[in-house]
Amino acid sequence: MYFDDRRDAGRRLGRRLEYLRDEDAVVVGLPRGGVPVAYEVARALDAPLDVIVVRKLGVPYQPELAFGAVGEDDVRVINDVIRGYTRLTGDEIATVERRERAELRRRTERLRRAHPRIPLLGRTVIIVDDGIATGATARAACQVAWAHGAQRVVLAVPVAPRDTLAALGEVADEVVCLEIPMWFGAVGSWYRKFGQVTDAEVDLLLRAAGDRGTPAHASGDDPPLRDEDIQIPIGETELSGHLTIPENPLGMVVFVHGSGSSRHSPRNRFVAEVLNRAGLATLLFDLLTPEEEVDRARVFDIPLLSRRLLEVTRWLTVRAEVAGMRIGYFGASTGAAAALRAATDPGIAIAAVVSRGGRPDLAGAALPAVRTPTLLIVGGHDYQVLELNRLAAQEMSCETALTVVPGATHLFAEPGALEKAAELARDWLVAQLAPAPAVDRGAGRTDTRL
C-alpha cells in the first residue's frame, strides 16, 4: 500500500478507526508530519485535534536514526539497543538532548500561545504520526498522554515495521497500523508525496480543526449534503477531487491551485472550510494526474491548465446537485492566471474570480477580455507579486478590486494573514454568487489597504 500524501493516509486511517467514533476521544498529531494525518482522522471521527510536541534524539552522524526522544512535561525516552550499537558517549547524548530540548521548548511555547492544550484526563487519546521507524517519538508521546491522565491510549499510524509495533504495545492499549511491510526502509518511501510540513501548516490545520467546533451531528445542524473524494472523467483521463456541498448552497467555488500544490493544500483546504461555513459549495481538484505532474513544463502551462479547468467546469455544471448554482473560481499563484483565462470562455458563465497571491499577469493577452468581477488579494510584503497585480489590474476592464493584506508574504503564513485572506474571499464570493436580482454593476476599480 502506497499513500498519495499525508492527507490521503489520514483519510484511510480515519476509516479504519471508525469504531472509535462514539468514544470521548481526542486525536493528537505529532508535529510536524503527523498533524496532516491526524487532521483527517479527527475529521473522520468528529473529534477535537491537538498535538503532543515530541523531539527525536538523532544519532549525530545519522540524524534520521533516533536513539531516543524528549517530549512535553520532561518526558525522556532512550533506546538502549540503538545507543549500544552506535556507541554514543555521554557527552554526545547530552549535546543532542540540549539542542532538542531547546527546540522542544520553542515549538511548545509557540504552539500553546495560539492553541491551548485540550484536556486529556479520562479520555481516549488517539496518537497519530505519519509513520514509525524506531518508535522513540511514539513511545514518548504515549508517555505524555498517560502523564496527562488519559484513560485509554490508541497509537495509530499508516506504516511501521512489525518489530517496532510489537514493542510499542508496552506503552499503548492498542496499536493500529494500515501497512506493516516485510522490508520497511524509511517512512517517506511509502508516500508518493512526502514534502516537509511547516510550522505554519500545523497552525493552519489546528485552526481549521478548532473552527469546526462542535460536530454537526452533535449540535443538531444538518451535515453537508456531500463531502467526499471524487474522480472527474476528462476524456481518457481521470482527475482526483474533493467535493463539498452544504445544505441550501449559495453557489459553487472551484479552486485552482498553483504550481507544486494539489487538492490537499492546507491553505486552500482552510479557505474552503471558511467558504463552506458561509454556505458555499467547493470543489478542490488536481489539474494534472500524478504522471503529468512529473513534467514540470506542464505545471506552468497556463493554456493547458485553463483548458483543464474549463473541462472540469463543464463536467460540474451538468451535475444535478450543482444545477442552477452560480460558479466562481478561487485561484492561487499560477492557478489565478488559469482561472482568469478560463473565465473569458464564452461558453462558461463564471460569476466571480478571487486570486490569492496570484499571478494574473501570466494570463497575458486574456486579461483585457476578462468580464468577471475579480478580487486580487496580495500580501503587503510580497513586493514583486504586488506590483505585478497592480499592473494586471490596469489591463482588466471588469469590476476589479485589489486588496493588500499588511505584513503578509506570498504564502500568507504570518499569524492571521490567511484568515484575513479567507474572510476577504468569502465576502466577495458570497456577494457575487448568492442568488440576487441581476444588477448592472458597471466597471470600476479600487485599490484598498486593510
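The following exchange introduces a predicted protein model, its confidence, one of its sheets and its cavities.

Me: What kind of model is this, and how are the residues numbered?
Reply: It is a predicted model, in which local features need pLDDT of at least 70, side-chain atom pairs count only at pLDDT 80 or more, and totals for chains, interfaces and linings use all residues. Residues are numbered from 1 along each chain as its sequence is written, and side-chain values use heavy atoms, with hydrogens and water left out.

Me: What is the mean pLDDT of the chain?
Reply: The mean is 84, and 90% of the residues reach 70 or more. Here pLDDT is the predictor's confidence in each residue, from 0 to 100.

Me: Where does pLDDT stay under 50?
Reply: It does so over residues 213-223, for which the model has nine contacts beyond four places in sequence. It also does so over residues 437-450, where 29 such contacts are present. A contact means heavy atoms within 4.5 Å.

Me: On to the open sheet: what is the strand order?
Reply: Five strands run in the order β2-β1-β6-β7-β8, with parallel pairing. Strands (E, at least two residues) and helices (H or I, at least four) are DSSP runs, numbered from the N terminus, and two strands pair if DSSP finds at least two bridges between them.

Me: Which strands stand at the edges?
Reply: β2 (49-51) and β8 (174-179) do; each has a single partner strand, so one side of each is left without a neighbour in the sheet. The twist averages 25 degrees from one strand to the next. Axes are lines fitted to C-alpha atoms, for helices over the stretch in contact, and angles run from 0 to 180 degrees between N-to-C directions.

Me: How many bridges join β1 and β2?
Reply: Strand β1 (residues 25-29) pairs with β2 in the parallel sense over three bridges. Within this pairing, valine 28 stands opposite aspartate 50 in β2.

Me: Which strands does helix α2 lie across?
Reply: Helix α2 (residues 34-45) lies across β1, β2, β6 (124-128) and β7 (152-159), at about 160 degrees to β1.

Me: What about the loops on either side of α2?
Reply: Arginine 32 is in the loop between β1 and α2, and the peptide bond from proline 31 to arginine 32 is cis, with omega near 5 degrees. Aspartate 46 is in the loop between α2 and β2; its phi is near 50 degrees, a positive value in a residue other than glycine.

Me: How many cavities does the search find?
Reply: The search of the whole structure finds two cavities of 30 Å³ or more. On a 1 Å grid over the protein atoms alone, a cavity is a set of points where a 1.4 Å probe fits but cannot get out, and lining residues have an atom within 4 Å of a point. Grid points are joined across faces, edges and corners, and a volume is the space filled by probe spheres set on the points.

Me: What lines the largest cavity?
Reply: Its lining is Pro31, Arg32, Arg107, Arg110, Leu111, Asp199, Val202 and Asp203, around about 60 Å³ of space. Helices α4 (90-114) and α7 (199-212) each supply at least two of these residues.

Me: And the second largest?
Reply: That cavity holds about 50 Å³, and its lining includes Val28 and Asp50.

How values were computed. On a 1 Å grid over the protein atoms alone, a cavity is a set of points where a 1.4 Å probe fits but cannot get out, and a pocket is an open set with protein on both sides within 12 Å along at least five of seven lines; lining residues have an atom within 4 Å of a point.
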